[in-house]
Amino acid sequence: MEAQQRHPFLKGLSKYRGAAPTVIVIFGASGDLTKRKLIPAIYNLGLDNLLPNDFYLIGFGRSPITDTDFRQQSMQCIEQFSRRKLNPELWEKIGNNTLYHSGGYDELSAFTSLKERIEAIEKNLEREVQILFYISTPPNVFKPILENLGNSGLSHRHSGTPLASKVIIEKPFGHDLDTARKLNHTITAQFEEKQVYRIDHYLGKETVQDLLVQRFANSIFEPLWNRQFVDCVQITVAESLGVGSRGGYYDQSGALRDMIQNHAMQLLALTAMEPPVSLSPEAIRNEKVKVLQAIQPLSLNADRSDAVRAQYDTGLIEGQKVNGYLEENNIPKESFTETYAALRFQINNWRWEGVPFYMRSGKRMARRVSEIAIQFKRPPGILFTQGNFFDIAPNTLVIRIQPDEGITLRMNSKIPGLETRTQPVKMDFRYATTFGSNTPEAYERLILDAMIGDGTLFIRGDETEASWKLISPVLDNWRERGRSGLDSYVSGSWGPLSADRLLWENKHEWRRSGP
């Protein structure tokens, strides 16, 4: 109470207090995501006093281990991966309510016994609980899990009440448009759309959430966010790592499926959408769907394609020589899977007509960085354009998502001295400097929002289909062409020369992303 009197904005956290009694069931309890992200996220919510008083965690997996073993493994996950140290007293409270349930994902009996176990918890508490199912498994078992949740009655518990069951589904949401539609059909056969939370952890990142604040809470940006003032938008999701031990998985996915169809397209939607009528989840998601549906289908003509793909070749990363993609483990020598993809979008609406949106994502690039760059139009070329004294760059607003979250505004300034000379300078805001470095993990915010039923940062079914409708034709085209048209780039570079062409045709160029 005292803190709220000092800082009235803390009252905004009140929606998280007093969440309903909850049982979270994690399918894929022994998986890497559960160990590294989900269990530490739940622990940190407990540390912030944001878990319900009556809270249970049930890990569901094929391995027949005991509750005690699962508790021990969970504690080790927290010690190794949590952003904050283990508090033994808090963990004792959470750990006592941490259970393990073994069974096959295709075994109805395992789900029936899970239901009985949850009913026993309710009987012990003498009150009803909501269940939050978290499907953190490979996509090939999504269908049996969803169907068995329905067949066992678990998906229909307390239907129509605030305690109705909820389900979180990890990406990928399908492999193409057809499989995305089939997955949505499977989901909605067992759950209502309002019970479904398709999770993309990028939407839980602080800078992504701040994007709406920057757009709509600052009068210096909002009037300029349109075709009259914006020259182009560049979205970069770059990694310096290669495929590593994930070669077998990655070769079935590629950069377009792995990063662009989900993460990058979400960044585009939030950047380009119209102002929502309110901050309600459906108002925001409605505008995201509208802008995705307004994107013009990509041209795939060989002479002037809107899509470029490439594979990384041998090169240097931080001074160390690294292998090319075809030399990595579990990669077929004839593979034409792209490790880099660049796309050029046009949005057919009043706000963005004529403004190109460029998007790129790749592995083994110069550095790890995710960012959105809004490049504004240059002023009329009347002043400060002659001679070598004037170094004028376009004003650019850069929203850095990772690492080193923050916002940079590039502007032009006079160099001190007797002569009038100019150079670009940066105004830099960093989250760690202003707010401290112990920022909550994305999964903490997303799990918490799902518990209280706030779908703002989750993806709706029609949203996934709108994104796949744009991306699937590109994937089909690349599959038909095989290695024809597949470019290469040196590891440690910013991608192939053919990706530069996407911008040169509009007299633009990729910015050198990062600090």
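A nonpolar core is a set of buried Ala, Val, Leu, Ile, Met, Phe, Trp, Tyr and Cys residues joined through side-chain atoms within 4.5 Å. Keep that in mind as you look at this model, which is a predicted one. The largest nonpolar core here has 139 residues, and the members that touch the most others are V25, F27 and F133. If you want to know which helix gives the most to this core, look at α10, residues 254-272, with 11 residues. As background, nonpolar side chains in soluble globular proteins tend to be buried together.

Let's zoom in on F133. Leaving aside residues up to four places away in sequence, F133 touches V25 and F27, along with L114, L149, L154, S165, K166, V167, I168 and F191.

Now for the sheet. Nine strands make up an open sheet with mixed pairing, and reading across you meet them in the order β16-β15-β14-β13-β7-β12-β11-β8-β17. Why do β16 (422-430) and β17 (487-490) each have one side left without a neighbour in the sheet? They stand at the edges with a single partner strand each, so there is no neighbour in the sheet on that side. From one strand to the next, the twist averages 20°.

One pairing to pick out is β14 (residues 396-402) with β15 (residues 406-414): the two run antiparallel and are joined by five bridges. Start from R400 and you'll find its bridge partner, G406, in β15.

Finally, add the helices. Helix α10 comes back here, lying across β7, β11, β12, β13 and β14 and running at about 145° to β12. Helix α15 (residues 497-504) lies across β7, β8, β11, β12 and β17, at about 10° to β11.

Notes. Residues are numbered from 1 along each chain as its sequence is written. This is a predicted model: local features need pLDDT of at least 70, side-chain atom pairs count only at pLDDT 80 or more; totals for chains, interfaces and linings use all residues. Side-chain values use heavy atoms; hydrogens and water are left out. Buried means under 20% relative accessible area, exposed over 50%, partly exposed in between (1.4 Å probe, protein chains only). Helices (H or I, at least four residues) and strands (E, at least two) are DSSP runs, numbered from the N terminus. Contact means heavy atoms within 4.5 Å. Two strands pair if DSSP finds at least two bridges between them. Axes are lines fitted to C-alpha atoms, for helices over the stretch in contact, and angles run from 0 to 180 degrees between N-to-C directions.
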